[in-house]
Amino acid sequence: MGNIVAIVGRPNVGKSTFFNRLIQRREAIVDSVSGVTRDRHYGKTDWNGHRFSLIDTGGYVKGSDDVFEAEIDRQVELAIDEADAIIFMVDVESGVTPMDEDVAKLLRKVEKPVLLAVNKVDNNKRLENAVEFYSLGLGEYFPIASTNGSGTGDLLDAVVEAL
Ligand code: GDP
Ligand code: MG
């Protein structure tokens, strides 16, 4: 039974906001590791007494939205290799994008647990809009808002259950 959870997804969906929310108050060590894993942040956290390591991917967004799909794919492949469970984060504000579909295609082949988190679900309208993410073919999703923590408890329950 492992305990490494990676957060993947295209830029600006809210991965780091979610990561920081979980890591912050716990005085966990957050490292930027050099080499192949540069731009990946590692932290430790716990949920209901289950300790696990969290990886925030995609610090490659250096002030630009222009990210090569290949780089995102590389981050996803790394996450698939090193994680025991994967949180795939998408953004209800933008809806399903071609990059989301690209990542979903990689994740549908994975044997490891994949939890689809639809972020920025800040109101009821957005909760309704979130249904479009069924089209990614990953099944049930968790509507969350990383900025205020709404829905994140249910997601974390599922994460520790999957580990
Ligand atoms: P990342 O590139 O996936 O790591 O995304 P960031 O965590 O840097 O967030 C990108 C933007 O989305 C920032 O402006 C965040 O404040 C915003 N954001 C993150 N979570 C939420 C949320 O739950 N609701 C809203 N409305 N905005 C959010
Ligand atoms: Mg980030």
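This report describes a ligand shell, a nonpolar core, one helix and two loop residues in a predicted model. Residues are numbered from 1 along each chain as its sequence is written, and chains are lettered from A and ligands numbered from 1 in the order in which they are written. Because the model is predicted, local features need pLDDT of at least 70 and side-chain atom pairs count only at pLDDT 80 or more, while totals for chains, interfaces and linings use all residues.

Ligand 1 is surrounded by 16 residues, of which G14, K15, S16, T17 and A145 are the closest (a residue is near a molecule if its C-beta atom, placed from the backbone, lies within 6 Å of it). Helix α1, residues 15-23, gives the largest share of this shell, three residues (helices, H or I, have at least four residues and strands, E, at least two, as DSSP runs numbered from the N terminus).

Within α1, the residues K15, F18, F19, L22 and I23 are buried, that is, 20 or more other C-beta atoms lie within 10 Å of their own, whereas 12 or fewer would make a residue exposed and a count in between partly exposed. Seen down the axis of α1, these residues fall within an arc of 120 degrees (taken from the directions from the helix axis to the C-beta atoms), so they line one face of the helix.

Two residues that are not glycines have a positive phi:

| Residue | Phi | Loop |
|---|---|---|
| N12 | about 70 degrees | between β1 and α1 |
| K120 | about 70 degrees | between β6 and α4 |

N12 counts as partly exposed, because it has 16 C-beta neighbours inside 10 Å, whereas K120 is buried, with 22 other C-beta atoms within 10 Å.
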